[in-house]
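The exercises below go through strand pairing, burial and chain contacts. Work each one on the displayed structure before reading its solution.

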Amino acid sequence: MKKQLTLAIAAAAASVSFSAVAVQAEPTEIELWHYFDASADAKAIVDWVEEYNTLQDDIHITATYVSRDELMNQYTVGALSGELPDIGMVDSPDMASYISLGVFEDITDELEAWGELGSFYEGPLSSCMDPDGRIYGLPQNSNCLALACNLDALEAAGYDHMPTSLAELQEMAAATTDPDTQTFGFAMCCISTEEGTFQILPWLRGTQDGAEAVNVDNLTADSAVKGLTALADMINNGYMSKECINWTQADAFNQFAAGKAAMAEVGTWHLAQTDAIDGFNYGFCLLPTGDEGTSSSTIGGENFGVCSGAENKEACVAFLEWLCSQEKEGEWGVTAGKIPTRSDSTSEYDYEQEGFAVFTDEMNYAYARGPHAEWPSISEAIYSATQSVFVDGVAPADALAKAMETISPIVEETPLP
Amino acid sequence: MKTKNASARRENDGYLFIIPAFIYMLVVLGYPLVYNLILSFKNVDVKNLTKGGSVFIGFENYINLFHDSTFLLVLRNTFIFTIACLVFQFTIGFAFAMFFNQKFKLSGPIRGMILVSYMMPMSVTGLLGKNIFSNAGLINDLLGKIGIQGPEWLVTGSTALIAVVIMNCWVGIPFNMLLLMSGLTSISQDVYESASIDGANWGQKFLHITLPLMRGSIMAVLMLGFIYTFRAFDLMYIMTAGGPLNATDVLGTYSYVRSFTQFKFSEGAAVAMVLFACLFIIGLFYLRMLAKEDD
C-alpha cells in the first residue's frame, strides 16, 4: 500500500512538472552583434542585455562582440548570403550604405506605433533613414569632437585661457611647440579612413571671416580652403606632427595624454579615459575652427538596426525601444561617456562634468556626415585631399578642387539631405 | 586486345579517385573565381548589389583601372614590395640557413628565437612596425644614438614602403631560413668531403655543389615567397592603412578597400582578378619549370 502511494505521488509530481514545462513557452532567441570595445561600453552592453533578459521571459538576447571591420565585412557578405544577426550595430555615417545594400529591415511602422520618435534629435535619427524617410534602426548614442587642452602647457606659454578662434589656436600651438622635447602644439587624426574624415571635417566646415559654414558639396568655398590652409600651416611650421596621417583618434588622444601634444582634437568618449592623462591639469573647450567665438564639429555615434531576414522583427524592435528609451539613453551616456540621442533624456554625469558640458554645448555646432549611400567615396575624397596637402605639399585649394571632382557627380546624382 | 581493355579500365578507375579533389577544387576555388570574374565585368555597387539592375559592361572596369593613376601606383608598389622582400628575405634567409647548418653550441636555441617573428600574427607585426618606425620610435632612437637624424619613416611615401618591406622581411627571413635549411640537410656531406679532397674551396663548393643541389628547394622557396608576398594585406592595413597617399597600398589592400569600404564591388573584383592573373602566370611558370625538371 505504502509502495503504491509513493508511486502515485511520484506520477502526480511528474505530470505536474511535465505540464509546467509544456505551458512555459521557450523565449524568442535574438542574436545581437556589436563592436563596443572600450572597457566602459563593452561591459555595459553585456550588463544591459542581461538586465533585459531578466526583466521579461519572452525574449532572450545574446550579445556577441565582433570587431568593427569584421562586422562591416559580415554585413556586406550577409547582404547577399542572408547570414545576418537579428540586431546589428553600425557607425552612423555607414548606415545609409548598409540600408542601400539591404542589410537592414524597414521598421518605420513599428517605431511610429511606439510614438517616441519625436523625442530623438533630428541629426542622429536621420542617419537611420533612407532617402524616402523610411526608418531602419534607432540611434543609440551620439558623440562629437571638442578641443582638449593641457592647461599647464598653456600657462607656461603665457596663456590663462583656452583658444576661442582658429587664429588663437595657431598662435597657442606655436607657443607650446618644443622641438627639443618633440612636443607639438596640436594633435589630431588624419588617417586615411573614416576616422580621418570625422576629424578633418570640422576644419572644412568652420565659419571664416563671417562667411557661412559650407557642407561637403561645396568644399572649394573660401572658408573650407582657409580651414585646410590653417592645418597645413601648422604642419609646415612644425606645430603639428606629420605623423597625424597615420594616427587613429586613439593615437592622437594618447599623444595628448602623454604630454606630447599641448592640445588635441578629442571625442566625447575620451572623457571616460581621462585617467590616462599623465599628471597635468587639463580642460576642454569648443573646437575653435574659425572666427572668434564660433565652432563646428562632427556628429558621431552608433545606431542599432534590425537586420533583414530577422525572424522575430517585433521582438527585435521591442528590444531597440527598451535600449533607446528615455531612461536607458540617459544611463548609457553616463556609463559609456556618450551623449544621449533623445532630447528628453538627461545624463547626470558623476565625472568630468565640466567636460561633458562642453561636449553637450558642442553638439549645437556639430554636423552629421551625409547621410548618403555613397558616403565612403565622399569620405575617401576628403581624407585623400588632406593627405595630399600634408604629404605632397599640394595647395589646399587645388586639393579640395580635386576632391570635388569625385564628390560633385555623387551629390548631383543623389543630393545630400 | 584483352590487355589493352584492362589498361583502359584501370585508367578510367583512376579518374574516379580524382573526383573528390576535383569537386573540392570546383566548389572552393572554381565557383568563387568564376563569380568574381563575372562580377568584374558588371557594374555592381552599393546601389544595385541586392536591389538588382546591374548590367554587363564588358572590359570597362579593367580599362578604367589601367587609366587610373592610383591603380598603376598600387600595381607598381605591389611589384616593388614583392621583389624587394624576395631579394632580401631570400638572401638573408639563405645566409642564416648556411650559418645554422653548421654544428655549433646554441645553434638550436638561437634558431628558435629567430623563428619567433615568423610565429607572430601579422597584425601584431604591423602594430610593432607602426611603433618602431614612428618618428620617436626605436629605429630613429637608435639612429640618433649614432648621430644620424632618422627620416619620418611612415610619413614619406618612399620610406614608408621601405619600412613595410623591412617588417615583412623580419617575418619572411625565418620562413626562408627554415625551408632552405631542410634543403641543405638533404645534401650528403660525402659530396662536400669529396670536393674537399679534390681541393675545392668554400666558394667553389657553394657554386658547384650547394646551389645546383638546392635548385628545387630554392625555386620552391622563391615561388612560395612570391605568392605569399604578392598577396600581402594585413601588414599594410595595420601599419599604414595603405598610406601615405597610397604609397604602401598593394593589390590586396586596394581590392579590399574598393569592395568592402567603398562598396564598388565590381571594381574590387577587377583588381582581385589582376592579382589572380599575376599569380596564375607565376604559377604556370613554376609548373613548367617542374615539368622540365621531371623530364
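**Exercise 1: the sheet around β5**

In β8(A), A:Phe284 is the residue opposite A:Ala148. The model is predicted, so local features need pLDDT of at least 70 and side-chain atom pairs count only at pLDDT 80 or more, while totals for chains, interfaces and linings use all residues. Residues are numbered from 1 along each chain as its sequence is written, and chains are lettered from A and ligands numbered from 1 in the order in which they are written.

Task: state how β5(A) is joined to β8(A) and to β7(A), then place these strands in their sheet.

Solution.
Step 1. Fix the terms: helices (H or I, at least four residues) and strands (E, at least two) are DSSP runs numbered from the N terminus, and two strands pair if DSSP finds at least two bridges between them.
Step 2. β5(A) and β8(A) run antiparallel and are joined by four bridges.
Step 3. Strand β5 (residues 145–150) of chain A is also joined to strand β7 (residues 261–267) of chain A, by five bridges and again antiparallel. In β7(A), A:Val266 is the bridge partner of A:Ala146, and A:Met263 is that of A:Cys149.
Step 4. The open sheet has four strands in the order β6-β7-β5-β8 (chain A), with mixed pairing. Its edge strands, each pairing on one side only, are β6 (184–187) and β8 (282–285) of chain A. From one strand to the next the twist averages 20 degrees; axes here are lines fitted to C-alpha atoms, for helices over the stretch in contact, and angles run from 0 to 180 degrees between N-to-C directions.

**Exercise 2: burial**

Task: is A:Cys144 buried or exposed, and why?

Solution.
Step 1. Apply the cut-offs: a residue is buried if 20 or more other C-beta atoms lie within 10 Å of its own, exposed if 12 or fewer, and partly exposed in between, with C-beta atoms placed from the backbone.
Step 2. A:Cys144 counts as buried because it has 27 C-beta neighbours inside 10 Å.
Step 3. Locate A:Cys144: the residue is in the loop between β4 (137–143) and β5 of chain A. In the adjoining list of strands, β5(A) is mostly covered, with six of its six residues buried.
Step 4. List contacts, where two residues are in contact if their C-beta atoms, placed from the backbone, lie within 7 Å. Leaving out residues up to four places away in sequence, A:Cys144 touches several residues, among them A:Thr268, A:Ser297, A:Phe359 and A:Met363.
Step 5. A:Phe198 is 54 residues from A:Cys144 in sequence, with 9.2 Å between their C-alpha atoms. A:Phe198 is one of the buried residues of α9(A). Helix α9 (residues 194–204) of chain A is mostly covered, ten of its eleven residues being buried.

**Exercise 3: the five-stranded sheet**

Task: give the strand order of the sheet that holds β1(A) and β4(A), and describe the pairing at β2 and at β4.

Solution.
Step 1. The order is β2-β1-β3-β10-β4 (chain A), in an open sheet with mixed pairing. β2 and β4 of chain A are the edge strands, each pairing on one side only.
Step 2. Strand β1 (residues 28–34) of chain A runs parallel to strand β2 (residues 59–65) of chain A, with seven bridges between them. A:Leu32 has A:Ala63 as its bridge partner in β2(A).
Step 3. Six bridges pair β4(A) with strand β10 (residues 300–306) of chain A in the antiparallel sense. Opposite A:Asn141 stands A:Glu302 in β10(A).
Step 4. β1(A), helix α2 (residues 39–55) of chain A and β2(A) make a right-handed β-α-β unit: with the strands pointing away from the viewer, the path from the first strand over the helix to the second runs clockwise.

**Exercise 4: chain totals and the interface**

Task: how many residues of chain B are in contact with chain A, and how do they divide by type?

Solution.
Step 1. 22 residues of chain B are in contact with 28 residues of chain A.
Step 2. The chain B side divides into ten nonpolar, eight polar and four charged residues. Ala, Val, Leu, Ile, Met, Phe, Trp, Tyr, Cys and Pro count as nonpolar, Asp, Glu, Lys and Arg as charged, and the others, Gly among them, as polar.
Step 3. For chain A itself, there are 16 helices and eleven strands, and buried residues make up 50% of its 417 residues.
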